[in-house]
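Q: I am new to this structure and would like a close look at a single part of it. Please take one sheet, go through its strands and what lies across them, and then add a note on one buried residue elsewhere.

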Amino acid sequence: MANELREQYSELVLKKLRSELTLKDGVVFNNDFDGDPVAGAVKIPTREDEVAAGDYDRAAGLAPSSGSTAYVTLTINRDKAVNEIIDGYEAAAVPDGLVAERLDSAGYSLGRALDMDGAAELLAAGTQVGAPLLDKDSVYAILVAQRTQMSKDYIPAAGRYALCTPDVIAAVVRSPEFTQAMSLGDEVKQAGAIGRIAGFNVIEFNDDTANLALICGHPRFATRVNAWQAPVRLQSLEGSGKYIGASAVQGRMVFAHKVLRQKGVRCVYAPLPVTLGAAQGAAAGTTVLTLADASGATSYKFVKNPAARALYGAAHSGTALVSGTTEIAAVAGDAVEVVGIKTGKVVSAGYITLTASAIKA
């Protein structure tokens with residue numbers, strides 16, 4: 001019975017999580033991987049080109065070509081849990097309504113954690129693009145420019161998305177080229193899109209990352225991996241020596257995200273992003289970042305794997321960074337946020353995911 005309840009609770013949380021996600025599976029991320037995430041790592045298939053098609057000779061046949069599919073190992077480096085006390089009730093006596101409310105809240109919290117980490121990976125590993133001031137008169141041309149480049153990079157046309165910040169959404173919906181979701185098929189609505197423009201499903205993305213306008217991409221080129229490390233359950237706290245007549249909703253999820261092709265994700269900043277590079281530091285286990293920035297910032301700060309991203313016009317509590325000099329202790333897979341500071345406030349931001357080659361062994 002306990003196992004059945006854990007399965008039911010976990011499935012209810014997953015349903016809530018999926019409904020809350022802005023960066024939805026099948027829309028922004030795929031779930032193609034081999035292995036068990038709980039084991040700590042999985043294999044993800046990647047390929048930079050398609051299966052070769054050649055002329056067939058009926059007499060000689062066709063020589064086989066070598067496939068270009070490779071498998072990259074993705075370390076499952078995120079681990080989130082919920083452990084909320086329900087005071088006054090032992091596990092067997094918690095009212096159904098209270099259980100439902102806590103499970104609903106758990107799904108919402110885990111969904112936010114997945115979205116935050118997924119967006120950080122898109123920003124860190126995607127192509128950074130600068131754009132002029134974006135308004136209702138320029139938004140369509142800027143989106144067409146992204147569509148054009150993605151077509152040149154052989155990104156499939158069907159399924160492209162545009163994650164637009166609220167200010168950009170305000171410009172998009174006033175553009176005469178915008179088509180509302182109610183005029184489109186169910187597939188667009190199920191993707192969480194408010195409509196389409198320039199071939200993109202438009203999804204509102206409430207994100208305050210400095211100068212970020214929108215992210216364009218295709219789910220084929222970014223993977224999400226997630227699984228229950230410990231399924232959701234109601235756990236009695238009797239006998240703990242600390243809690244009396246209490247229980248808790250507990251569950252633990254492991255997850256990770258991976259952009260598979262940089263050209264498949266385009267992060268558009270208006271006016272410009274901080275462009276970052278990484279090289280090995282002098283000390284073992286360190287990296288050194290170099291940056292280019294046209295924002296007029298007078299100093300820079302960094303944060304590894306930020307829990308929340310920098311807000312334009314806000315103060316920032318990161319660590320001081322000098323381009324080409326500051327050595328940062330890091331491991332492969334760390335996402336680093338770098339912000340430009342002027343008069344004590346954030347005026348620009350950039351993101352990079354570190355690879356093993358950029359860290360001194």
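A: What follows describes one sheet and then one residue in another strand. The model is predicted, and residue numbers count from 1 along each chain.

The sheet is open and has 3 strands, in the order β3-β11-β10. Their pairing is antiparallel. At the edges are β3, residues 78-87, and β10, residues 222-236, each of which pairs on one side only. On average, neighbouring strands of this sheet are turned by 15 degrees against each other, with direction ignored.

The pairing of β10 with β11 can be followed in more detail. Strand β11 covers residues 246-259, and 12 bridges join β10 to it. These two strands run antiparallel. One of the bridge pairs links T223 to K258, the partner in β11.

A helix also belongs in this picture. Helix α2, made of residues 96-125, lies across β3, β10 and β11. The helix runs at about 20 degrees to β11.

The residue to add is E337, which is placed in strand β18, residues 335-342. Is E337 buried or exposed? Its relative accessibility is 1%, and buried means under 20%, so E337 counts as buried. The side chain of E337 makes a polar contact of 3.0 Å with the side chain of H316. Leaving aside residues up to four places away in sequence, E337 touches K301, F302, V303, P306, A308, R309, A310, H316, G350 and Y351. H316 is thus found both in this list and in the polar contact.

Key. This is a predicted model: local features need pLDDT of at least 70, side-chain atom pairs count only at pLDDT 80 or more; totals for chains, interfaces and linings use all residues. Side-chain values use heavy atoms; hydrogens and water are left out. Two strands pair if DSSP finds at least two bridges between them. Helices (H or I, at least four residues) and strands (E, at least two) are DSSP runs, numbered from the N terminus. Axes are lines fitted to C-alpha atoms, for helices over the stretch in contact, and angles run from 0 to 180 degrees between N-to-C directions. Contact means heavy atoms within 4.5 Å. Buried means under 20% relative accessible area, exposed over 50%, partly exposed in between (1.4 Å probe, protein chains only). A polar contact is a pair of N or O atoms within 3.5 Å; within protein, one must be able to donate a hydrogen and the other to accept it, and residues adjacent in sequence count only if both atoms are side-chain atoms.
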